[in-house]
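Work through the exercises below with the sequence and the coordinates open. Each one sets a task and is followed by a solution in steps.

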Amino acid sequence: MALLEVHDLHVAYGKIEAVKGISFSVEEGQVVTLIGTNGAGKTTTLRTISGLLKPASGQVVFDGKPITGVPAHDIVARGLAHSPEGRHIFPRMTIEENLLLGAYLRKDGDGIAADVGKAYAMFPILGERRSQAAGTLSGGEQQMLAMARALMCQPRLLMLDEPSMGLSPIMMKQIMDTIQELKSTGTTILLVEQNAQAALSLADQGHVLEVGRIALSGSGPSLLHDEQVRKTYLGEE
């Protein structure tokens, strides 16, 4: 059984239907990516899965149980973490305070301290600046903090929305290397990413969204070599 199943999901903003009946699944230990142009419905899909938006119809099943209509904080408690587009860190709080907020549902003090240590091992720059206000970090460092904060709830599934957006090529490579590292340790990831080349290189499975529908699905490597994908999303003739 898949860890996450999305069945015939429809999501609307008023009369505008942003997601038009998509279905896909994520197996435990997989990296699955959603790619597509702006407005394709990628972020809306993640926000609906995490309980921030209510679907017009369709169902989301996580770990065998329907979570459609379940409050967002309960979905986090079940082991589904969402690192949102635009990072949404708390700029006036320190790096460490931001990390601890990611563990707000946990009660295991020693485990939380150990996971803060793991976050600093994964992103040493955060450890060096742990007492600094998070708003003083660069965009790439804020993305590292957003990812580390999402991992603090020990998720069974990590959803990452546009982790490389607005980053320098060097910082983007570092974020993608971190996703590869998480994959190698068995973390299940649902990735939304503008950089189709980077996303499909990492992904076990990929889905191409076009105006709220899945236009194409396949393994990461097969989509990477698909002529239409190469022309439309990788800028190749």
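The exercises concern a predicted model, and they go from the sheets to the salt bridges, the surface and the backbone.

**Exercise 1. The six-strand sheet**

Task: Find the strand order of the open sheet of six strands, and explain why one side of E6 and of E10 is left without a neighbour in the sheet.

Solution.
Step 1. Tracing the paired strands gives the order E6-E7-E8-E3-E9-E10, and the pairing is mixed.
Step 2. The ends of that order are strand E6 (80–83) and strand E10 (213–219); each has a single partner strand, so one side of each has no neighbour in the sheet.
Step 3. From one strand to the next, the twist averages 15°.
Step 4. Within the sheet, strand E7 (residues 157–161) and strand E8 (residues 188–192) run parallel and are joined by five bridges. Leu158 is placed opposite Ile189 in E8.

**Exercise 2. Helices across the sheet**

Task: State which strands helix H1 lies across, and which strands helix H7 lies across.

Solution.
Step 1. Helix H1 (residues 42–49) lies across strand E3 (31–35), E6, E7, E8 and strand E9 (205–210). Its direction is at about 145° to E7.
Step 2. Helix H7 (residues 169–184) lies across E3, E7 and E8. The angle between H7 and E8 is about 150°.

**Exercise 3. The four-strand sheet**

Task: Give the order and the pairing of the open sheet of four strands, then identify its edges.

Solution.
Step 1. The order is E2-E1-E4-E5, with antiparallel pairing.
Step 2. Strand E2 (16–26) and strand E5 (65–66) are the edge strands; each has a single partner strand, so one side of each lacks a neighbour in the sheet.
Step 3. Strand E1 (residues 4–13) runs antiparallel to E2, and eight bridges join the two. Glu5 is set opposite Ser25 in E2.

**Exercise 4. A network of salt bridges**

Task: The whole structure holds nine salt bridges. Examine the network that links Arg106, Asp108, Asp115 and Lys118, and classify each of these residues by relative accessibility, with buried meaning under 20% and exposed over 50%.

Solution.
Step 1. Asp108 and Arg106 form a salt bridge in which the closest N and O atoms are 2.9 Å apart.
Step 2. Asp108 has 32% relative accessibility and is therefore partly exposed, while Arg106, at 13%, is buried.
Step 3. Lys118 and Asp115 form another salt bridge, at 3.5 Å from N to O. They are three residues apart in helix H4, which means that about one helical turn separates them.
Step 4. Lys118 is exposed at 57% relative accessibility, whereas Asp115 is buried at 9%.

**Exercise 5. A salt bridge between distant parts of the chain**

Task: Locate the partners Arg129 and Glu141 in the chain and describe their salt bridge.

Solution.
Step 1. The side chains of Arg129 and Glu141 meet at 3.0 Å, N to O.
Step 2. Arg129 is in the loop between helix H5 (124–128) and helix H6 (139–151), and Glu141 is in helix H6; the two are 12 residues apart.
Step 3. With a relative accessible area of 25%, Arg129 is partly exposed, but Glu141, with 10%, is buried.

**Exercise 6. A nonpolar patch**

Task: Name the residues of the nonpolar patch on the surface and give their accessible area together.

Solution.
Step 1. The patch consists of Phe90, Leu101, Tyr104 and Leu105, with about 360 Å² together.
Step 2. Tyr104 belongs to the loop between helix H3 (95–101) and helix H4 (109–122), and it is partly exposed at 47% relative accessibility.

**Exercise 7. Loop residues and phi**

Task: Compare the loop positions and the accessibility of Gln154 and Glu162, then place Gly166.

Solution.
Step 1. Most residues other than glycine have a negative phi.
Step 2. Gln154 has a positive phi, near 50°. Gln154 sits in the loop between H6 and E7 and is partly exposed at 48% relative accessibility.
Step 3. Glu162 also has a positive phi, near 55°. Glu162 is in the loop between E7 and H7 and is buried, with a relative accessible area of 2%.
Step 4. Gly166 is likewise in the loop between E7 and H7, and is exposed at 78%. Gly166 and Gly139 are 27 residues apart in sequence, with their C-alpha atoms 7.5 Å apart in space.

How values were computed. Residues are numbered from 1 along each chain as its sequence is written. This is a predicted model: local features need pLDDT of at least 70, side-chain atom pairs count only at pLDDT 80 or more; totals for chains, interfaces and linings use all residues. Side-chain values use heavy atoms; hydrogens and water are left out. Two strands pair if DSSP finds at least two bridges between them. Axes are lines fitted to C-alpha atoms, for helices over the stretch in contact, and angles run from 0 to 180 degrees between N-to-C directions. Contact means heavy atoms within 4.5 Å. Patches are made of residues with over 30% relative accessible area and no salt bridge: like charges are joined within 9 Å, nonpolar side chains (Val, Leu, Ile, Met, Phe, Trp, Tyr) within 5 Å. Accessible areas come from the Shrake-Rupley method with a 1.4 Å probe; for residues, only the protein chains shown count as cover. A salt bridge is a side-chain nitrogen of Lys or Arg within 4 Å of a carboxyl oxygen of Asp or Glu. Buried means under 20% relative accessible area, exposed over 50%, partly exposed in between (1.4 Å probe, protein chains only).
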